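Here is a short report on how the strands and helices of one protein model fit together. Please look over the sequence and the structure first.

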Amino acid sequence: MEAVVSAVRRAVTRASGWAEHEWELVREGPRSPLMHMALDEVLAEEVGAGRRGPTLRFWEWSSPAVILGGFQSVRNEVDLGAAGRHGIEVVRRVTGGGAMFVEPGNTVTYSLYAPPSLVAGLSVAESYPFLDDWVLGVLGDLGLNVWYQPLNDIASEGGKIGGAAQKRMGSGAVLHHVTMSYSIDAAKLGEVLRVGREKLSDKGVASAAKRVDPLARQTGLAREVVIDRLIAGFRSRFGLVDGPVSAVEEARAGELVASKFATEGWLWRVP
């Protein structure tokens with residue numbers, strides 16, 4: 001039935017299929033939290049402008065951070081005193097969704113930068129599971145019983161594994177990224193994030209702490225092996241070629257860090 005629905009959607013909307021595109025892989029060394037924020041915007045805009053092919057990027061962190069959603073308040077989400085004591089930087093991304101706590105080696109984070117044709121005819125809610133169906137398949141191949149929990153969580157019998165966030169960019173490209181927990185310092189997370197307290201987004205929806213079941217426990221595999229399997233799974237389904245960040249993209253991202261992501265106005269804005 002899903003195949004029939006997909007065929008009808010593609011016929012009516014002229015939607016493209018995954019394998020119709022030449023996907024590029026970005027897998028590079030650790031970067032600062034601010035640079036990751038800027039690269040997400042730059043690479044999505046490059047895909048939208050046709051200067052880069054659709055891209056899958058895996059992130060490596062050079063330092064710990066709290067990454068706020070685009071519609072969140074710093075004071076509502078973060079205990080700044082605790083963040084300072086632990087040397088944790090607070091940054092804001094362009095997508096919505098909840099706050100993320102990351103440390104080097106403790107998460108598996110990836111972004112998809114996709115052309116609008118890939119999700120043509122899908123609502124935002126429908127595009128979340130559609131864009132992450134491949135990763136559910138790979139996790140299933142690793143022996144995990146996983147599913148998509150609306151709106152944007154990857155869940156398992158043991159609890160939440162990860163969450164997604166998304167933005168349709170001005171260029172038309174879709175920026176979709178996911179952070180999955182590989183390991184977790186629950187005590188530190190509890191100190192830094194104001195979890196369990198009522199927090200309001202721009203739509204007035206309360207958020208609360210959710211139980212997390214990390215990939216290290218569920219798979220028993222090293223983090224690098226998990227990422228290798230994810231890349232291999234994507235490649236076997238849709239194809240994948242190396243497409244590292246170019247010097248032009250790197251320079252543009254550096255400019256965006258200085259002009260936008262590192263500014264007080266961006267971090268402290270109240271949407």
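Two strands count as paired if DSSP finds at least two bridges between them. The model described here is predicted.

## The sheet

An open sheet is built from 8 strands. Their order is β7-β8-β9-β10-β6-β2-β1-β13, and the pairing is mixed. Which strands stand at the edges? They are β7 (146-149) and β13. Each has a single partner strand, so one side of each lacks a neighbour in the sheet.

## Antiparallel pairing

Strand β6 covers residues 107-114, and strand β10 covers residues 174-181. The two pair in the antiparallel sense over 8 bridges. One bridge joins T107 to its partner S181 in β10.

## Helices on the sheet

Helix α2 packs on the sheet and touches β2, β6 and β10. The direction of α2 makes about 25 degrees with that of β6.

Helix α5 (residues 124-141) packs on the sheet too. Its contacts are with β2, β6, β7, β8 (153-156), β9 (159-168) and β10. The directions of α5 and β9 make an angle of about 135 degrees.

## Around β1

Strand β1 spans residues 24-27 and pairs with strand β2, residues 55-58. This pairing is parallel, over 4 bridges. R27 stands opposite F58 in β2. Together with helix α2 (residues 33-48), β1 and β2 make a right-handed β-α-β unit.

β1 also pairs with strand β13, residues 241-242. Here the sense is parallel, over 2 bridges. E24 has V241 of β13 as its bridge partner.

Notes. Residues are numbered from 1 along each chain as its sequence is written. This is a predicted model: local features need pLDDT of at least 70, side-chain atom pairs count only at pLDDT 80 or more; totals for chains, interfaces and linings use all residues. Side-chain values use heavy atoms; hydrogens and water are left out. A crossover is right-handed if, with the strands pointing away from the viewer, the path from the first strand over the helix to the second runs clockwise. Contact means heavy atoms within 4.5 Å. Axes are lines fitted to C-alpha atoms, for helices over the stretch in contact, and angles run from 0 to 180 degrees between N-to-C directions.
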